[in-house]
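Please look at the chain below before reading on. The report that follows starts from a single residue and then widens to the whole chain.

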Amino acid sequence: VQLVESGGGLVQAGGSLRLSCAASGSFFRLNVMGWYRQSPGNQRELVATITSGGSTNYADSVKGRFTISRDNAKNTAYLQMNSLKPDDTAVYYCNAGVKTYSYSRESVYWGQGTQVTVSS
C-alpha cells in the first residue's frame with residue numbers, strides 16, 4: 001500500500017491550498033484517513049481525520065478553516081485549507097488505517113509528506 005500526497009506549495013497568508021492523498025496497491029478496505037503536520041522543532045500533530053463513513057474530526061487550530069473529505073471510489077482523501085496563516089507552515093502527512101484482507105488486522109500507513117509554506 002502506498003499513500004501519495006500532492007498539492008503542497010507556497011502561498012501567501014489568507015490564501016488557499018488543496019492537498020490530495022491517493023492510496024494505491026492491493027487492500028480490502030481503507031478505514032480512517034487523516035492529515036497530520038510537523039514543523040521544525042515540533043512534534044507531528046493531528047490536523048484532521050475522516051472515517052470511511054464521512055465522520056470528521058479537526059484540531060482546534062484549524063476548525064472553520066480546513067475541510068477534510070474523501071472519495072472512497074478513488075481511495076483518495078483531500079484537505080481543503082482556507083485562510084492560511086504562517087503558523088500553518090509545515091510538512092503535511094497523510095495516513096490511513098488499512099485492512100489488507102477482510103480478516104487481517106488494521107495497519108497504519110503514512111505518505112512521504114508535502115511541504116506547505118505560508119508567507120506573511
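Where is the place of Thr 49? Thr 49 has its place in strand 5, where strands (E, at least two residues) and helices (H or I, at least four residues) are DSSP runs numbered from the N terminus. This is a predicted model, in which local features need pLDDT of at least 70 and side-chain atom pairs count only at pLDDT 80 or more, while totals for chains, interfaces and linings use all residues. Residues are numbered from 1 along each chain as its sequence is written, and side-chain values use heavy atoms, with hydrogens and water left out.

Thr 49 counts as buried because its relative accessibility is 16%; buried means under 20% relative accessible area, exposed means over 50%, and partly exposed lies in between, with a 1.4 Å probe and protein chains only. Leaving aside residues up to four places away in sequence, Thr 49 touches several residues, including Met 33, Tyr 36, Asn 57 and Ile 68, a contact being heavy atoms within 4.5 Å.

Met 33 leads to the interior of the chain. Among the residues that Met 33 touches, again not counting those up to four places away in sequence, are Cys 21, Thr 49, Ile 68 and Cys 94. The largest nonpolar core has 29 residues, and Met 33 is listed with Trp 35, Val 47, Phe 66, Leu 79, Met 81 and Tyr 92 as having the most contacts inside it. Such a core is a set of buried Ala, Val, Leu, Ile, Met, Phe, Trp, Tyr and Cys residues joined through side-chain atoms within 4.5 Å. Strands 3, 4, 5, 7, 8, 9 and 11 each supply at least two residues of this core, and strand 9 gives the most, with 5 residues.

The two cysteines that Met 33 touches, Cys 21 and Cys 94, form a disulfide with their sulfur atoms 1.9 Å apart, a disulfide being a pair of cysteine sulfur atoms within 2.5 Å. The pair links distant parts of the chain, since Cys 21 lies in strand 3 and Cys 94 in strand 9, 73 residues apart. Both Cys 21 and Cys 94 are buried, and their link is left-handed, with -70° about the S-S bond.

Strand 9 also pairs with strand 10 (residues 106–110) in the antiparallel sense over 5 bridges, where two strands pair if DSSP finds at least two bridges between them. The two strands form a hairpin with 6 residues between them, and Lys 99 has Glu 106 of strand 10 as its bridge partner.

Two loop residues have a positive phi although neither is a glycine.

| Residue | Phi | Loop between | Relative accessibility |
|---|---|---|---|
| Asn 75 | about 55° | strand 7 and strand 8 | 25%, partly exposed |
| Ser 83 | near 50° | strand 8 and strand 9 | 42%, partly exposed |

Seen as a whole, the protein chain has 0 helices and 11 strands, and 42% of its 120 residues count as buried. Among contacts between residues at least 6 apart in sequence, 55% join residues at least 24 apart. The C-alpha atoms fill a box of roughly 50 × 25 × 20 Å, taken along the principal axes. The radius of gyration of the chain is 14 Å, which agrees with the value near 14 Å for a compact globule of 120 residues; this radius is taken over C-alpha atoms, and the globule rule is 2.2 Å times the number of residues to the power 0.38.
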